[in-house]
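Here is a short report for a reader new to this structure. Take a look at the sequence and the model before reading on.

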Amino acid sequence: MPDAVVLIGPMGAGKSSIGRRVAKRLGLTFTDTDTVIVREHGPIADLFASQGEAAFRRIERETVANALTKGGIIALGGGAVLAPETREALSHHHVVALTVSQRTIASRIRGSKRPLLNGGDPLAEWVRISEERRPLYESLADVTYDTSRGPLKNVVEEAAEWAAERLGVPLERKEVE
Ligand code: S3P
């Protein structure tokens, strides 16, 4: 199985946008497991509503396992690490955890399509869920970057350097916007 660099972390931490740019920077494939799920099963909010969270998690587990067989750069949904099978699988890959402060997340999750944040107070829910999962993210991470401040391209560059070294691919001198 080819090695993958996998991005984990709470909703809105920047897993998809940073993952996509890191992949582009390194000329590697990028898989966003949420995007695959939407393509194959429709909007995540609809899946939660019609089939429930457990069904979503089952689909997510299979989608993640399949993505890992392909290697490259992979961004997971925030709750993917809840599955013990996924945690075990991640131990065979290189894991980047992204963090983000409460202050920064407020604007990122506004108007979000995320069903888990659609209850009462989205920010309070985000804090509760990310605190609950924090030990999982921390225990799985090989490296951690905070995305709260500064241009995203600084994190992209650092993560790309790290990923290039881990995967043994050349880091060309180019910048990705
Ligand atoms: C979820 C995170 C979402 C998506 C789904 C559930 C979670 O992905 O998979 O809404 O449980 O944290 P992002 O982390 O990309 O928002």
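Which residues are buried in α7? They are Trp-126, Ile-129, Ser-130, Arg-133, Tyr-137 and Leu-140. Keep in mind that this is a predicted model.

**Helix α7**

What covers these buried residues includes two strands, β1 (4-8) and β4 (94-99). The cover also includes the helices α4, α5 and α6 (102-108).

The helix has 19 residues, and at 1.5 Å a residue it should span 27 Å. Its end C-alpha atoms are 26 Å apart, which agrees. The helix has a kink, though. The bend is about 45 degrees and lies at Arg-133, shortly before the proline Pro-135. Arg-133 is also one of the buried residues of α7.

At the start of α7, Asp-121 makes a contact with the backbone. A side-chain oxygen of Asp-121 reaches to within 3.1 Å of the backbone nitrogen of Leu-123.

**Salt bridges**

How many salt bridges does a search of the whole structure find? It finds 7. The table gives some of them, with the distance between the closest N and O atoms.

| Salt bridge | Closest N and O atoms |
|---|---|
| Glu-53 and Arg-57 | 3.0 Å |
| Arg-61 and Glu-85 | 3.7 Å |
| Arg-128 and Glu-125 | 2.9 Å |

Start with Glu-53 and Arg-57. Both lie in helix α4 (residues 53-68), 4 residues apart, and are thus separated by about one helical turn. An α-helix has 3.6 residues a turn, so residues three or four places apart point the same way. Glu-53 is partly exposed, at 33% relative accessibility. Arg-57 is buried, with a relative accessible area of 14%; the cut-off for buried is under 20%.

Next comes the pair Arg-61 and Glu-85, whose salt bridge has its closest N and O atoms 3.7 Å apart. Arg-61 lies in helix α4 and Glu-85 in helix α5 (residues 84-90), so this pair ties together parts that are 24 residues apart in sequence. Arg-61 is partly exposed, with a relative accessible area of 30%. Glu-85 is partly exposed too, with a value of 47%.

The pair Arg-128 and Glu-125 brings us back to helix α7 (residues 122-140). These two are 3 residues apart in α7, about one helical turn. Arg-128 is partly exposed, with a relative accessible area of 42%. Glu-125 counts as partly exposed at 22% relative accessibility.

Some salt bridges share partners. They join Glu-53, Arg-57 and Glu-60 into one network.

**Ser-16 and Thr-31**

What does UniProt list for Ser-16? The unreviewed entry lists Ser-16 under "binding site". Ser-16 sits in helix α1 (residues 15-26). It is partly exposed, with a relative accessible area of 27%. Leaving aside its neighbours within four places in sequence, Ser-16 is in contact with Phe-30, Asp-32 and Ala-75.

Strand β2 (residues 30-32) holds Thr-31. Is Thr-31 buried or exposed? Thr-31 is buried, with a relative accessible area of 14%. Not counting residues up to four places away in sequence, Thr-31 touches Val-36, Ala-67, Ile-73, Ile-74 and Ala-75. Ala-75 is thus a contact of Thr-31 and of Ser-16.

Definitions and conventions:
Residues numbered from 1 in each chain as written. Predicted model: local features only at pLDDT ≥ 70, side-chain atom pairs only at ≥ 80, totals over all residues. Heavy atoms only, no water. UniProt positions renumbered as here; feature names shortened; annotations may be inferred. Buried < 20%, exposed > 50% of the residue type's maximum accessible area, 1.4 Å probe, protein only. Contact = heavy atoms within 4.5 Å. Salt bridge = Lys/Arg side-chain N within 4 Å of Asp/Glu carboxyl O. Expected span 1.5 Å × (residues − 1). Bend = angle between axes of the 7 residues up to and from the residue. Polar contact = N/O pair within 3.5 Å; in protein donor to acceptor, adjacent residues only side chain to side chain.
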